[in-house]
Amino acid sequence: MKVNMNQIAIYPGSFDPVTNGHLDIIKRAAKLYDHLIIAVASNMEKKTPLFTIDERINMLREVCSNLPNVEVDSFKGLLVDYAKKRSASTLVKGLRAVSDFEYELQMALTNRKLNPDVETIFMMTAFRYIYLSSSIVKQVALVGGNTDGMVPPLVAEKLIQKAKELGRE
Ligand code: PNS
């Protein structure tokens, strides 16, 4: 029987900003792996982020400060290259509704094609966070809505500040 020592996993994403849905996956994944690296994508193809890479990293570090085997880092370029550099053989992804499936399947298969040694593991989002996404949270916050219960309190405060800075509240 092969026993895998020091299993390192990567939980990648934009985290713009981290939500309670992300945090739930982080806490559960941290129990399954010896070391969990939260890898914040610094080159986002999708669109300009609301929070800078440093702001996103700092929020994640603060909300994960009670999880000793969790590290927050950033990466550029291909995720599988970053995984190899960090000796991680597993990518953890959260799955919400069916709508996530197609895109996640495409990413998982692309990553497998690029490096078959890196496996993608999906964790189902907790039911109470099934509707949550960073985009929805930003939509609510930027027009002055209350994001309590959707994001950690520290992130809710940062969203209020951002809305003020942008003159959107
Ligand atoms: O939180 P997101 O925006 O859904 O995260 C997407 C992310 C950052 C995991 C994905 O875009 C990614 O892995 N980007 C790195 C570039 C890469 O490796 N692309 C090939 C796989 S599709």
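This is a short tour of the model, one selection at a time.

**Before you start**

The model is predicted: local features need pLDDT of at least 70, side-chain atom pairs count only at pLDDT 80 or more, and totals for chains, interfaces and linings use all residues. Residues are numbered from 1 along each chain as its sequence is written, and side-chain values use heavy atoms, with hydrogens and water left out.

**Stop 1: the whole chain**

Show the chain as a cartoon. Six helices and five strands make up its named elements. Helices (H or I, at least four residues) and strands (E, at least two) are DSSP runs, numbered from the N terminus. Follow the chain along its sequence, and the pattern reads β-α-β-α-β-α-β-α-β-α-α. The radius of gyration is 16 Å, close to the 15 Å that the globule rule gives for 169 residues, so the chain is as compact as a globular protein of that length. That radius is taken over C-alpha atoms, and the globule rule is 2.2 Å times the number of residues to the power 0.38. Along the principal axes, the C-alpha atoms fill a box of roughly 55 × 30 × 30 Å.

Now switch on the surface. About 9,800 Å² is exposed, and carbon and sulfur atoms supply 54% of it. This area comes from the Shrake-Rupley method with a 1.4 Å probe; for residues, only the protein chains shown count as cover. Of the 169 residues, 46% are buried. Buried means under 20% relative accessible area, exposed means over 50%, and partly exposed lies in between (1.4 Å probe, protein chains only).

Colour by charge next. There are 22 positive and 19 negative side chains, and the centres of the two sets lie 2 Å apart. Lys and Arg count as positive and Asp and Glu as negative, while His and the chain ends are not counted. Each charge is placed at NZ of Lys, CZ of Arg, CG of Asp or CD of Glu.

**Stop 2: helix α2**

Select residues 53-63, which form helix α2. Which residues of α2 are buried? They are R56, I57, M59, L60 and V63. These residues cover an arc of only 165 degrees around the axis, which puts them on the same side of α2. The arc is that of the directions from the helix axis to the C-beta atoms. An α-helix has 3.6 residues a turn, so residues three or four places apart point the same way. Add the partners: the buried residues of α2 pack against α1 (20-32), β2 (35-41), β3 (70-75) and α6 (153-165).

**Stop 3: V70 in strand β3**

Stay with β3 and pick V70. V70 counts as buried at 13% relative accessibility. Leaving out residues up to four places away in sequence, V70 touches I26, A30, L36, I38 and C64. Contact means heavy atoms within 4.5 Å. Draw a C-alpha to C-alpha line from V70 to P17: the two are 53 residues apart in sequence and 17 Å apart in space.

**Stop 4: the loop between β1 and α1**

Go to P17, in the loop between β1 (8-13) and α1. Check the peptide bond from D16 to P17: this bond is cis, with omega near 0 degrees. F15 lies in the loop between β1 and α1 too. Its phi is near 50 degrees, a positive value in a residue other than glycine. Is F15 buried or exposed? F15 is buried, with a relative accessible area of 3%.

Add K138, from helix α5. Leaving aside neighbours within four places in sequence, K138 is in contact with D16, P17 and L50. K138 counts as buried at 16% relative accessibility.

**Stop 5: S133**

Select S133, in the loop between β5 (119-124) and α5 (134-141). S133 is buried, at 16% relative accessibility. Not counting residues up to four places away in sequence, S133 touches T19 and R96.

**Stop 6: S87**

Move to S87, in the loop between α3 (79-85) and β4 (90-95). S87 has a positive phi of about 55 degrees although it is not a glycine. S87 is exposed, with a relative accessible area of 56%.

**Stop 7: L114**

Finish at L114, in helix α4 (residues 98-114). L114 is partly exposed, with a relative accessible area of 44%. What does L114 touch, not counting residues up to four places away in sequence? L114 touches L78 and V80. Then add D81: L114 and D81 are 33 residues apart in sequence, yet 9.0 Å apart in space, C-alpha to C-alpha.
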